[in-house]
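The following note sets out points for a colleague reviewing this structure. It takes up individual helices, helix pairs and selected residues in turn.

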Amino acid sequence: MATRNIRIGTRGSALALAQAHWVKGELVKHLPGCRVETVVVKTSGDRFLSSPLQVIGGKGIFVKEIEDALLQGNIELAVHSMKDLPTEIPDGLTIAAVPQREDPRDVLVSRDGVALKDLPSGSRIGTGSLRRQSQILHHRPDLEVVPVRGNVDTRLKKLDDGEFDALIMAAAGLRRIGQEKRINEFLPPEICVSAAAQGALGLQTCVGSPIVGEIAFLHHQPSATEVLAERAFLRALGGGCQVPVGALAYAEKGNVRLIGIVADTEGKQVLRDELSGAAEEAEELGESLARRLLQAGADKLLNGRFLPLSGRRIMITRPRDQAGPLVRGVEALGSQVIEFPTIQIVPPESYVPMDKTIEGIKEYDWIVFTSVNSVREFMNRLRHLGRSVEHLDGIRLAAIGPETAKRISSEGLKVELIPAEYRAEGLLHGVKPEEVRGKKLLLPRAAVARDVLPRTLREWGAEVDVVQAYRTVPVKGNATWLRETLDEKMIDMVTFTSSSSVKHFLDSLPKKDRKKLLNGVAVACIGPITRKTAEENGMRVDVVAKEYTVTGLIQAIAEYFSSKPVGTQ
């Protein structure tokens, strides 16, 4: 009999919650004594609801933070829509069960109940999927397909408000939130082949977790067989949300039939084929069908897929050991990356002040971390002194943003405060003066940093100790190479993630030549503080992330270039 807690991680949309609550109900019924709760995890896809998926990075944006929560032990089980899961699962995680699949078909929801064939020419059709766009335009090239994002209810409201004449949606999503009455027409695969694994749920947990056995009763083998074939097809093509690819399998009586399509985004060319075989060979069937379509010309369509940063050359000035996520993010969207780190993180001038602080850490009510670097250096020193994270028990922790919070959580610690605005001012807006009055706070941070946070906290009556956790020092890059590269117009954009990176970048350029060298080069900054530094030093800033994170910066860069032909700024 299970007696422990199971925390289920889920996105916060109505559909995701409905799916998670269904799983919760099944666990409660089948595991007597088990306490089950749902934990809402906000993903990158939920933060950027106004942007097309292909601009902000494709399907993985809906699951990464949830998978991180699993790996960090903050949840024991994740409930995903299988179509949102990338075909490669991170090491340490596994799909433990695939419950019986809902209807995988796409459907038409029209404002006036009109069928697809009867929609007047020029009708506006809303969808956030290139796959649906391509197939609808192939079937009805006289219609106008318009991008739309948001949860199911948001899309339906936009339809009702007259923004669209019809929507193409997933039958499964509408059924799961009780909106099946809005379905006007089920689209057969002859018109619209579904996304791989559409309508299926994936229950994900850590490899070796006892939950694997406990949820086995939820596994539905025919559905799992269909999903396996479809995802193998998708994986073999290397496709995702950035490519019009569809796959739909039917498993019955030990056999499986698989339909697959690859298309261009305008619907002018749709390659389609199908294969059948034994259910135990579902994965090989998907791979074989992908090979057949590749031989039929799908490789040319896939190589021409939409990548919003294709042809762009973006310079990254972040420290090399921290630049990975930013480099991978813009490369995944088609950019050529030129790394030119301008700063590096080094130890403080002396460890004595931080060591004394750690020895007396029990005196503090709060520790406020303002960067990933401050967390890493503080925790490294804690361990160096023979302490463990348990030494911080009873101390409340604050993080200036989600990346810093993630680094804290990776140590097995709980973050109690993350501001809505990811900078010092946002942290101050997240607390009230009476909450810190008379309290003792520790700020481990860079040797050079703005004074607004400790000064304001002291004005509110808090005792604040600032300790140097690390320093940023300039990297002596090849200044001659940088000047020549800029002079030859080999860079479309330079990115900055800190004020110090701005200052040391400009130090590499002769002051008298800066304006000329940077003419025509777009400048992107991670937030308003970095922007202010750039502008104070004579730079024109073109892009500032709305959310002051690497993910936010990538999204802002992609949006900036999405409306500009290659060769222009």
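1. The buried residues of helix α5 are Leu130, Arg131, Arg132, Gln133, Ser134, Gln135, Ile136 and Leu137. The helix spans residues 130–139 and is mostly covered, with eight of its ten residues buried. At its N-terminal end α5 is capped by serine 129, a side-chain oxygen of which lies 3.1 Å from the backbone nitrogen of arginine 131. Arg131 is also listed among the buried residues of the helix. The model is a predicted one, and these and the following remarks should be read accordingly.

2. Two packed helices are described by the angle between their axes and the distance between the axes. For helix α9 (residues 221–237) and helix α10 (residues 282–303), the axes cross at roughly 35 degrees and come within 8 Å. The crossing of α9 past α10 is right-handed. On the α9 side the contact involves Thr225, Leu228, Ala229, Ala232, Phe233, Arg235, Ala236 and Leu237. On the α10 side it involves Ala282, Glu283, Gly286, Glu287, Leu289, Ala290, Leu293, Leu294 and Leu302. Sorted by class, the residues of this contact are twelve nonpolar, two polar and three charged.

3. Leucine 289, one of the α10 residues that meet α9, merits a separate remark. Is leucine 289 buried or exposed? Its relative accessible area is 0%, and leucine 289 is therefore buried, since the cut-off for that class is under 20%. When residues up to four places away in sequence are not counted, leucine 289 touches Phe233, Leu258, Ile259, Gly260, Asp273, Glu274 and Leu275. Of these, Phe233 belongs to the α9 side of the helix contact. For leucine 258, which stands 31 residues from leucine 289 along the chain, the C-alpha separation is 8.0 Å.

4. Helix α11 (residues 324–332) packs with helix α22 (residues 550–562) at an angle of about 30 degrees, and their axes are 10 Å apart. The two helices are therefore roughly parallel to each other, and their crossing is right-handed. From α11 the contact draws on Pro325, Leu326, Gly329 and Val330, and from α22 on Val550, Leu553, Ile554 and Ile557. Seven of the residues in this contact are nonpolar, one is polar and none is charged.

5. How are α12 and α13 oriented to each other? Helix α12 (residues 352–359) and helix α13 (residues 372–384) pack at an angle of about 70 degrees, with 10 Å between their axes. They are therefore roughly perpendicular to each other. This crossing, too, is described as right-handed. Met354, Asp355 and Ile358 of α12 meet Glu377, Phe378, Arg381 and Leu382 of α13. The contact comprises four nonpolar, no polar and three charged residues.

6. Two lysines call for attention on account of their backbone geometry. Lysine 253 has a phi near 55 degrees, a positive value in a residue other than glycine. Its place is the loop between β11 (245–252) and β12 (255–263). With a relative accessible area of 78%, lysine 253 is exposed. Lysine 489 likewise has a positive phi in a residue other than glycine, here near 60 degrees. Lysine 489 lies in the loop between α18 (479–487) and β21 (493–496). Its relative accessibility is 40%, so lysine 489 counts as partly exposed.

7. Where is aspartate 542 placed? The residue is in the loop between α21 (528–536) and β23 (543–544). At 26% relative accessibility, aspartate 542 counts as partly exposed. Its side chain makes a polar contact of 2.9 Å with the side chain of arginine 540. Apart from neighbours within four places in sequence, aspartate 542 is in contact with Val521, Ala522, Val523 and Tyr560. Tyr560 falls within the residue range of helix α22, 550–562. The C-alpha atoms of aspartate 542 and asparagine 5 are separated by 49 Å, with their positions 537 residues apart along the chain.

How values were computed:
Residues are numbered from 1 along each chain as its sequence is written. This is a predicted model: local features need pLDDT of at least 70, side-chain atom pairs count only at pLDDT 80 or more; totals for chains, interfaces and linings use all residues. Side-chain values use heavy atoms; hydrogens and water are left out. Axes are lines fitted to C-alpha atoms, for helices over the stretch in contact, and angles run from 0 to 180 degrees between N-to-C directions. Helices (H or I, at least four residues) and strands (E, at least two) are DSSP runs, numbered from the N terminus. Angles under 35 degrees count as roughly parallel, over 145 as roughly antiparallel, 65 to 115 as roughly perpendicular and the rest as oblique. A crossing is left-handed if the near helix is turned anticlockwise from the far one by less than a right angle, and right-handed if clockwise. Contact means heavy atoms within 4.5 Å. Ala, Val, Leu, Ile, Met, Phe, Trp, Tyr, Cys and Pro count as nonpolar, Asp, Glu, Lys and Arg as charged, and the others, Gly among them, as polar. Buried means under 20% relative accessible area, exposed over 50%, partly exposed in between (1.4 Å probe, protein chains only). A polar contact is a pair of N or O atoms within 3.5 Å; within protein, one must be able to donate a hydrogen and the other to accept it, and residues adjacent in sequence count only if both atoms are side-chain atoms.
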